[in-house]
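Student: Before we discuss the terms used for this model, could you show me the sequence and the structure together?

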Amino acid sequence: MLIATDNISKSYTVGGSSIDVLNDISLTIDKGEFVAIMGQSGSGKSTLMYILGLLISPTSGTYLLNGDDVSTLPGDTRAHLRNGKIGFVFQSFHLLPGVSVIDNVKLPLLYSKQNGPSEQAYAKELLEKVGLSDRLHHKPNQLSGGQQQRVAIARALINKPDVLFADEPTGNLDSKTGAEIMDIFDTLNKEGKTIIMVTHEKSIARHAKRIIHIQDGRVV
Amino acid sequence: MMKIAIGALIIHKVRSLLTILGIVIGVAAVILLVSIGNGLTSIVNEQFEELGTDLIFVMPGKIKFGDAAGREGGPPGTSNNKLTPRTGIEIQKRIPSIIATVPVATTFASVSYKGEDRVTPILGTTSNYAIIRKSPTSFGTFFDASADNGAKKVAIMGQTVLDDLSITHDPTGEKIKIAGQTFRIAGVLEAKGSALGNDQDDLIIIPMSTYERTFDVDKVNYMYVKTSDPEHLASTVTAIKDVLLKTHLKAEDFSVVDPKELLNTASTILGSITAALGGIAAISLVVGGIGIANIMLVSVTERTKEIGLRKAVGATYRHILSQFLAEAIFLSLTGGLVGVLIGTGLSLLLRQFVNTDITWWSIGISFGVSLLVGVTSGMGPAIKAARKDPIDALRYE
C-alpha cells in the first residue's frame, strides 16, 4: 500500500471561528493506481491533494506514506520527502520564467544535490518522452500551453517519484491539447507510475481507473 | 546558489543595475572623499616633517589653539608687532640649548631685470634659513653670515621669479634691481613646487640686515628658533616666553608655538573634515542599502509563485533564504566592487588637480559596509520569502 489515511481532517481558523475543510477522510491507494479525486469547487478536493502531497499537514488523523507516518512532520522534512518521493503537475504549469526548458526540468535536482551527467541525460530523456527534445534551450514564454505542461510533467518525474500528483492538469488547455496531455498520463500509468489527479471534469476523470468523489469535505 | 541568484537578477537587468547604482555611488563617494581628506592631511604632515621637530615658532600677536583657535591682536607687521631681529639674538644669548634663531620678514617690492618689471614677494632672513628650511640652490650658493653682518646687497632667486622675468640661463653674478637698489644675484633656489595652493618658488631672499635698510623696517613677521634639545620642547617654549617677557614684551604681544602643537591642531581639524566627508558619503551607502531592501521586497512579492513552486519541488526554508540573501549580497558586492573601481579611478584622475591619498582602510571599510548593507537589507525580504506557505504562494495571482 502506497498511501493510507485514517480519519484525517483539516480545519482552518479564520477570524476566530474554525472552518472544517476536510472531515474524517479514510482512504488507501495502491502502488500503480491511477486515481481521480473529483468534486465541486470548494469541496476540499484540492486540500486533500495538498495533504497527500505533503504540502500541508492534517489537523488530525494519521497519514501513512509507504508505511511511514508522515502526519505531523516539520516543514523541512516534508520538503525533503516532496523532493524525493512526490511529483507535482499544476493547472497553471508554474515554470520559472527566463529559465530554459532543460533547467526547469532539472530544478528539483537543485534541492536534492544530485546534478551530474546522468541527471542531465535523464532530463533529456524525459523531455524526449514528452516530445520536446527539440526545445531544450527554449524559454517557457516561447512555448504553447500544452508544451509548457509537458515540461512540467518532465520536471515532476526528474527525481523518479513514488507518486505523481496532478491538479487540474488540463484546466488551462483546450480540449485537443488536454487530450494529448492525458495521453501522456495514461502512458506513464501503464509504465507503472502511481498518479493521483484532482479534477472537476468527468471527461478527464474517465482516464483514471478509480474515482474518489469529495463533497463538503467528505468522501461520498 | 549564486548562479540562481545571478540568473534571477539578469532577468531584471535595468532594475538590478539601478539598485547597484545606489551602492556604487555610496562606495565611490566614501573612497573619493576620504582620499581627498587624507591628501590634505599628508600635505600638512609633509610640511611639518620638512621643518623638523627641533623648531619652535615665535610670532607676534596671541594665537590660540584648541576650541577657540584664531589670532588675537593685530596681524604681523602692524604697530602691535614688537618682534625684531634683536629679540632673536636675546633668545639665543640667554638660552644655552638654542642653536640658532632665524627671523623672517616679508614684503612686496618691484623688481626689474633688463627691462622686465615684476612685483615679487621679498623675504628678509639670515643665512641659517637655508639650513632650517632645507633650501638647496640649483645655481650659485645661499649667502653666508658675512652677508648678514655686512648687509650685503645679494639676492637668492626663486624659480618662479626667474620664469616671470624670462631668465632661462644661470643668472649668478648678474645685477638685478629690487625696490630701486642694485643687488647681485648670488644663487637660485631649487624649485619646491606649490603646497596647499601656495607657490613656494615665488620669492626673492635677501639678508635680514639688508632688508631692514632697504625697506626701513625692523619688525619680523615670524621667527624660527632651532634647539639642540628636541626632547624638551615644552620647557624650551617656556624659557623663550620668559626671555621675551624680560625683554619688555607683554604676554599678549607674542606667541611661542611648538610645531607639534600646530601639527596636532591641524591634524585634528583635518581628521574631523575627513571623517565628516566620509560620514556624509556613508549616508548614501545606507540609502543604497534601503534601495536594495526595497527592490528585494518587491521581488519577493512578485516572485511569490516561484517561491511556492520551489517549495513544492522540495526547497527548504534555508534554500529559499539563502537564494534571496545571495541575490541581495550579489547586488551589494557588485555595487561595492564597481564603487571601489570608480572611487579609486576618480581619486587618481583628481590627483592632477589636488593631492588625493587613497587609503586601504577606506576601500576595506566601504566594501565591508556594502557587504553588511547587502546582508542586512536582504535578510528581511529573504526571511519573508522563506516563510511563505507553498500553497498560498502557488495560488497567488
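Student: How many bridges join strand E1 of chain A to E2(A), and which way do the two run?

Tutor: This is a predicted model, in which local features need pLDDT of at least 70 and side-chain atom pairs count only at pLDDT 80 or more, while totals for chains, interfaces and linings use all residues. Residues are numbered from 1 along each chain as its sequence is written, chains are lettered from A and ligands numbered from 1 in the order in which they are written, and side-chain values use heavy atoms, with hydrogens and water left out. Strand E1 (residues 3-14) of chain A is joined to E2(A) by nine bridges, and the two run antiparallel; two strands pair if DSSP finds at least two bridges between them, strands being DSSP runs (E, at least two residues) and helices likewise (H or I, at least four), numbered from the N terminus. One of the bridges sets Thr5(A) against Leu27(A) in E2(A).

Student: Why is helix H3 of chain A called largely enclosed?

Tutor: Buried means under 20% relative accessible area, exposed over 50%, and partly exposed in between (1.4 Å probe, protein chains only). Eight of the ten residues of helix H3 (residues 101-110) of chain A are buried, so the rest of the structure largely encloses this helix. Among the buried residues are Val101(A), Asn104(A) and Leu109(A), and their cover includes helix H2 (75-85) of chain A and helix H10 (304-312) of chain B.

Student: What makes Glu33(A) and Arg210(A) a salt bridge?

Tutor: A salt bridge is a side-chain nitrogen of Lys or Arg within 4 Å of a carboxyl oxygen of Asp or Glu, and in this pair the closest N and O atoms are 2.9 Å apart, so the rule is met. The pair links distant parts of the chain, 177 residues apart, with Arg210(A) in strand E9 (residues 210-215) of chain A. Glu33(A), at 17% relative accessible area, is buried, whereas Arg210(A), at 29%, is partly exposed.

Student: How do you know that Arg310(B) is buried, and which residue does its side chain meet in a salt bridge?

Tutor: The relative accessible area of Arg310(B) is 4%, and it therefore counts as buried. Its side chain meets that of Glu306(B) in a salt bridge (2.8 Å, N to O), and both residues lie in helix H10 of chain B, four residues apart, about one turn of the helix. Salt bridges that share partners join these two with Arg303(B) and Glu327(B) into one network.

Methods:
Contact = heavy atoms within 4.5 Å.
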